[in-house]
Amino acid sequence: MRLTKLFGKTQREIPAEADTISHQLLLRTGMISQLAAGVYSYLPLAWRSLKKIEDIVRDEMNKAGGQEITMPVLQPIELWQKSGRAQSMEKTLFTLNDRRERTMALGPTHEEVVTVLAAHFIQSYRDLPLTLYQIQTKFRDEPRPRGGLIRVREFTMKDAYSFDIDEAGVEKSYQSMLHAYENIYARCGLKAILVEADSGAIGGKFSHEFILPTESGEDTVISCPKCGYTANAEKAVFNKGKVKNDKPLPIEEIATPEMKTIEELVKFLKIPSSQTLKAVLYAADGKFIFVVIRGDLPVNEIKLKNALHCQDLRLATDAEVTEQGIIAGSASPVRLKGIKVVADDSVNSGTNFVAGGNKPDTHIKNVNYPRDFKADVVTDIALAQANDTCADCGTKFVSVKGIEVGHIFVLGTVYSTKFGANFIDANGASQPILMGCYGLGMGRLLAAAIEQHHDDKGIIWPLPIAPYQIYLCPLYRDGTKVGEVAEKIYEELEAAGLEVLFDDRQESPGVKFNDADLLGMPLRITISPRTLEKKSVEVKWRSEKESSLLPIEGLAHALKQMIAKKSI
RNA sequence: CGGGGUGUAGCGCAGUUGGUUAGCGCGCAGCGUUUGGGACGCUGAGGUCGGUGGUUCGAAUCCACUCACCCCGACCA
């Protein structure tokens, strides 16, 4: 491809709206263009790269036994009402009305449709196991699109669905997908880590996420450097330890003037925060919830949400707190009546805690569970952080931020039961099909790849997903043969099946080199009077500092070898 | 939805105690000189100052409403 013909231009300045590095680079290279919040056009360079990622994904899906299909984006809302997700996904679902005023949804994912499809065609255990997948556009009205391609409202996703007759079969399907995912990231030249995850709104038994570590990531991964335990912070369990375990003493009110936060209280009383109980007030689907947790631990709202089985969870407003007769800054589970209490199991990790007094400027000493207060639910609702200790081996956790680029679930019979997707087993009995689902965001993977592979000059494409393998960069000079030779080399390389982006612009060397670095094709070939004297061209990997000379004679062959060697 | 911010040329910005022809840099077009890390000169094109309504002799500038986009939180590939 000639740069003078390529649709899309590089730009020197960083667009003001872009904060994330991948977003900045995608815009500066002219790969994407925004139409609305979370809605983008993909220009030729981005599209080529996406196609390469698709090819890899498709290949691995096929190898894992998947069959490619395409399902409708336009879906009757009744399907979503039947699964219950019209409610649970609520505003995320894009809906529209057809001319007969029937409501349709633009598919945010395809569990409903694929289950209906499976129900149509699967009758016997002989039809199973089966894995179907598609690579296709999804629509989600995200509350907040962000970071360029990292979180968008219209995006291409590879989604696969497995169907099995029993647990053992599900396990097998799940494992083979897991391996396919690992292959995909490796083949794209990306380092993804496998973490245990919360299964979220899709529902189901257990799940894993693949996270690409990068600073601008939305997720936090907690891992144990010793035993290898790795989980999303949303899900991670940890050892909360034991704190002072003295004999329970009688409760006692103490004056704590102006002490509203745990921090202030701890300073004032000169005790560790782990010796206090913190109250956090929530509204869960509009109902008031009193949460108690040890003072040194943050609440994990995902775990809390799961414990409450609620759709919507938010902090209670000041007005709601006051309405319940609770004194903010001194809220207490002791002597609380008529309010649902959820306690983190850390309330059992010690004795004689300091808790709120539910009176202004007052706290209570020597609070013990369950002697002094009751909880409707006691479970793990604490958020794991770096330096917490591993529940398995007691080592301190480390944490890393990253972007979720893949998520796999075991669904069980959640959808098959709702949509009557059954099969006849070997004994002639009807049973619901066991399902799994496996998602992978294509555009997000592209963005994450850039996040992981760039420097201050621009992108450094991993070879397998680079839009072009080679950046051909002649430095024109009047009265020399540079132009002529470049044209010839361009034709030869293309003829040899190499992917070449030919910078045929009449620009100064500085401009060309800077664009070469910005665009980040893996190999740069420079032709100048200087190299021509030696009947050579200069070859340089974008990822490396040093360049070398290669003879023009047999160049295509030599480059192919370099590329083949790099691909291994 | 809650909190914060920004809308002036394709991009980055200035101009905002109201004052007439709205500027600068990059980019773009033409000509010339240049050429191994974003060269230089000259000439030129390009603007509903996000929108609507108001105040005023006069609004990019003041007021009201509104829209869009970005960032932080709840959601997710």
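# Exercises on helix packing, the RNA surface and backbone features

Helix α1 (residues 21–28) packs against helix α11 (residues 442–452) at an angle of about 105 degrees, and their axes are 8 Å apart. The structure is a predicted model, and the exercises below work through it part by part.

## Exercise 1

Decide how α1 is oriented relative to α11, and state which residues make the contact.

*Solution.* Begin with the angle, which is about 105 degrees for this pair of helices. Angles of 65 to 115 degrees count as roughly perpendicular, and therefore α1 is roughly perpendicular to α11. Next come the residues: α1 contributes Ile21, Ser22, Leu25 and Leu26, while α11 contributes Leu446, Ala447, Ile450 and Glu451. Sorted by class, the contact of α1 with α11 has six nonpolar, one polar and one charged residues.

## Exercise 2

Work out the orientation of helix α2 relative to α11, then give the handedness of the crossing and the residues that meet.

*Solution.* Helix α2 covers residues 44–63, and its packing against α11 has an angle of about 110 degrees, with the axes 10 Å apart. This angle makes α2 roughly perpendicular to α11. As for handedness, the crossing in which α2 passes α11 is right-handed. On the α2 side the residues are Ala46, Ser49, Leu50, Ile53, Glu54 and Val57, and they meet Met442, Gly443, Leu445 and Leu446 of α11. By class, this contact of α2 with α11 has seven nonpolar, two polar and one charged residues.

## Exercise 3

Determine whether α2 and α6 run roughly parallel or roughly antiparallel, and describe their contact.

*Solution.* Helix α6 spans residues 167–187, and α2 packs with α6 at an angle of about 150 degrees, their axes being 9 Å apart. An angle over 145 degrees counts as roughly antiparallel, so α2 and α6 are roughly antiparallel to each other. The crossing of α2 past α6 is right-handed. The contact is made by Ile56, Val57, Asp59, Glu60, Met61 and Lys63 from α2, together with Met177, Ala180, Tyr181, Asn183, Ile184 and Arg187 from α6. In terms of class, the contact of α2 with α6 has seven nonpolar, one polar and four charged residues.

## Exercise 4

Describe the surroundings of RNA strand B, stating how many residues surround the strand, which element gives the most to the surface near the strand and which parts of the RNA certain side chains approach.

*Solution.* The count comes first: 54 residues surround RNA strand B, and the closest are Glu13, Arg151, Asp517, Ser528 and Glu538. Of the atoms of RNA strand B that come within 4 Å of the protein, sugar and phosphate account for 51%.

The second step is to locate the surface in the fold. Elements that each supply at least two residues of the surface near RNA strand B include β1 (32–36), β8 (154–164), α8 (301–308) and β23 (398–412). The element that gives the most is α13, with seven residues. By class, the surface near RNA strand B has 19 nonpolar, 12 polar and 23 charged residues.

The last step takes single polar contacts in turn:

- For Glu13, an N or O atom in the side chain is 2.4 Å from a base nitrogen of RNA strand B.
- For Gln34, an N or O atom in the side chain is 2.9 Å from a phosphate oxygen of RNA strand B.
- For Asn514, a polar side-chain atom lies 3.1 Å from a sugar or linking oxygen of RNA strand B.

## Exercise 5

Find where in the fold Pro129, Pro370 and Asp361 lie, and name the backbone feature at each place.

*Solution.* The peptide bond from Leu128 to Pro129 is cis, with omega near 0 degrees, and Pro129 lies in the loop between α5 (111–121) and β7 (130–139). The peptide bond from Tyr369 to Pro370 is cis, with omega near 0 degrees, and Pro370 is placed in the loop between β20 (362–367) and β21 (377–379). Asp361 is not a glycine, although its phi is positive, at about 55 degrees, and Asp361 lies in the loop between β19 (353–359) and β20.

Terms used. Residues numbered from 1 in each chain as written. Chains lettered and ligands numbered in written order. Predicted model: local features only at pLDDT ≥ 70, side-chain atom pairs only at ≥ 80, totals over all residues. Heavy atoms only, no water. Axes fitted to C-alpha atoms, helices over the stretch in contact; angles between N-to-C directions. Helix = DSSP H or I, 4+ residues; strand = E, 2+ residues; numbered from the N terminus. Parallel < 35°, antiparallel > 145°, perpendicular 65-115°, else oblique. Contact = heavy atoms within 4.5 Å. Nonpolar A, V, L, I, M, F, W, Y, C, P; charged D, E, K, R; others polar. Near = heavy atom within 4 Å. Polar contact = N/O pair within 3.5 Å; in protein donor to acceptor, adjacent residues only side chain to side chain. Left-handed = near helix turned anticlockwise from the far one by under 90°.
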